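Welcome, and thanks for taking a look at this one. Here is a short briefing to read alongside the coordinates.

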Amino acid sequence: MKYFDVFNGDADGICSLLQLRLAEPRDATLITGVKRDIALLKNLKVAAGDSVTVLDISMQKNTVDLQRLLDEGAEVFYVDHHQAGDIPQHPGLTAHIDLDATACTALIVDNLLEQRFHLWAITAAFGDNLTEVAEKLARQEGLTHSQMFTLKQLGIALNYNGYGSAIDDLFYHPADLYRECVSFESPLDFVDEKSQIFSTLKEGYQQDMDAAQQAPFIYQNDKIAVLNLPAEKWARRVGGVFGNEMANRYPDRAHAILTPINDSAYVVSIRAPLNNRHGAGDVAAQFATGGGRAGAAGINVLPENAVAQLIDALKQQYQ
Ligand SMILES: [Mn+2]
């Protein structure tokens, strides 16, 4: 019988698995990827009786492969807070799904473990941008302001590490980051004893954001800005976060951040104006590989010759 631990490569995925394995150590094969890679069950081969833990990836987006694993006789333990679709009624499946806007996977695990590794769960909540939830839990836990700030920085840093179009773009492979963290019951001890990792993540984030400030506009007026980042690893990491930063700074303007993924195509982050948070998903959906929510959306592969079409779609929506 084999064990597989499958987890999203962001802060929430890592901190969810950490808590489970601190509680119940297990020699498992780790399966993870960049944050945007949620098709993690796709290549998983199991035998009857194998045990698969799945954390922080949408069940709806993995429904075909989940059903296959169950049909092949695996026992699946699934915890998540994204769209689940129809949860299979199968004796091999144990599912803990909570779609509440104040939930994240690490907080669901935290409840299952009766808050045993609570500070890791709070770290994840900061990473998943549940700032108010995380601050409230930190206060209830009696953390000092400086401890709370450390967990917030760590959550943001672990989360940022997951961004990129391929593993090679990341500061650390998420599985390596998990292995570094899992010997610490408290994230405060991790930060003290692995200060080199913490500062690589923190400083990397800041350097990427500073570099992005130099990005040239390829289209700009008072309603729309389209920016072009260079074909560099840092640019593939920072696109979405930089889009959020621009949206905060220019709340009446829609933004599209284009980053080359090869000689003839871009990956695109689209952000609706903060003061008019709709339409981003509609703009993205006009392209074959586009999708997302009203306020924040993206296109995985935008051919070079479709850039003009994207600008037109933004004008239609926001001008
Ligand atoms: Mn999450």
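Helix α10 has a kink of about 50°, and the kink is centred on glycine 239. Please keep in mind that this is a predicted model. The notes below begin with that helix, then turn to a parallel sheet and to the protein as a whole.

**Helix α10**
- Helix α10 covers residues 233–249, which makes 17 residues.
- At 1.5 Å a residue, α10 should span 24 Å, and its end C-alpha atoms are indeed 24 Å apart, so the expected and computed values agree.
- Gly239, where the kink is centred, is itself one of the buried residues of the helix.
- Its neighbours Val238 and Gly240 are buried too, and the buried set also includes Ala235, Arg236, Arg237, Phe242, Gly243, Met246 and Ala247.
- What do the buried residues of α10 pack against? Their partners are helix α9 (195–212) together with the strands β7 (224–228), β8 (254–262) and β9 (265–271).

**The five-stranded sheet**
- Five strands form an open sheet in the order β2-β1-β3-β4-β5, and their pairing is parallel.
- At the edges sit β2 (29–31) and β5 (93–97), each of which pairs on one side only.
- From one strand to the next, the twist averages 10°.
- As general background, strands of a sheet pair through backbone hydrogen bonds, in either a parallel or an antiparallel way.
- Within this sheet, β3 (residues 51–55) and β4 (residues 75–80) are joined in the parallel sense by 5 bridges.
- Leucine 55 stands opposite valine 79, which belongs to β4.

**Helices on the sheet**
- Helix α1 (residues 11–23) packs on the sheet, where it touches β1 (3–7), β3 and β4.
- The direction of α1 makes about 145° with that of β1.
- Helix α3 (residues 105–112) also packs on the sheet, with β3, β4 and β5 as the strands it touches.
- Between the directions of α3 and β4 the angle is about 115°.

**The protein as a whole**
- The secondary structure amounts to 12 helices and 11 strands.
- A compact globule of 319 residues would have a radius of gyration near 20 Å, and the protein's own value of 20 Å agrees with that.
- The C-alpha trace spans about 55 × 50 × 35 Å along its principal axes.
- Of the 319 residues, 41% are buried.
- How are the contacts spread along the sequence? Taking contacts between residues at least 6 apart, 59% join residues at least 24 apart.

Key
Residues numbered from 1 in each chain as written. Predicted model: local features only at pLDDT ≥ 70, side-chain atom pairs only at ≥ 80, totals over all residues. Helix = DSSP H or I, 4+ residues; strand = E, 2+ residues; numbered from the N terminus. Rg over C-alpha atoms; globule rule 2.2 N^0.38 Å. Buried ≥ 20, exposed ≤ 12 C-beta atoms within 10 Å, placed from the backbone. Contact = placed C-beta atoms within 7 Å. Pairing = 2+ DSSP bridges. Axes fitted to C-alpha atoms, helices over the stretch in contact; angles between N-to-C directions. Expected span 1.5 Å × (residues − 1). Bend = angle between axes of the 7 residues up to and from the residue.
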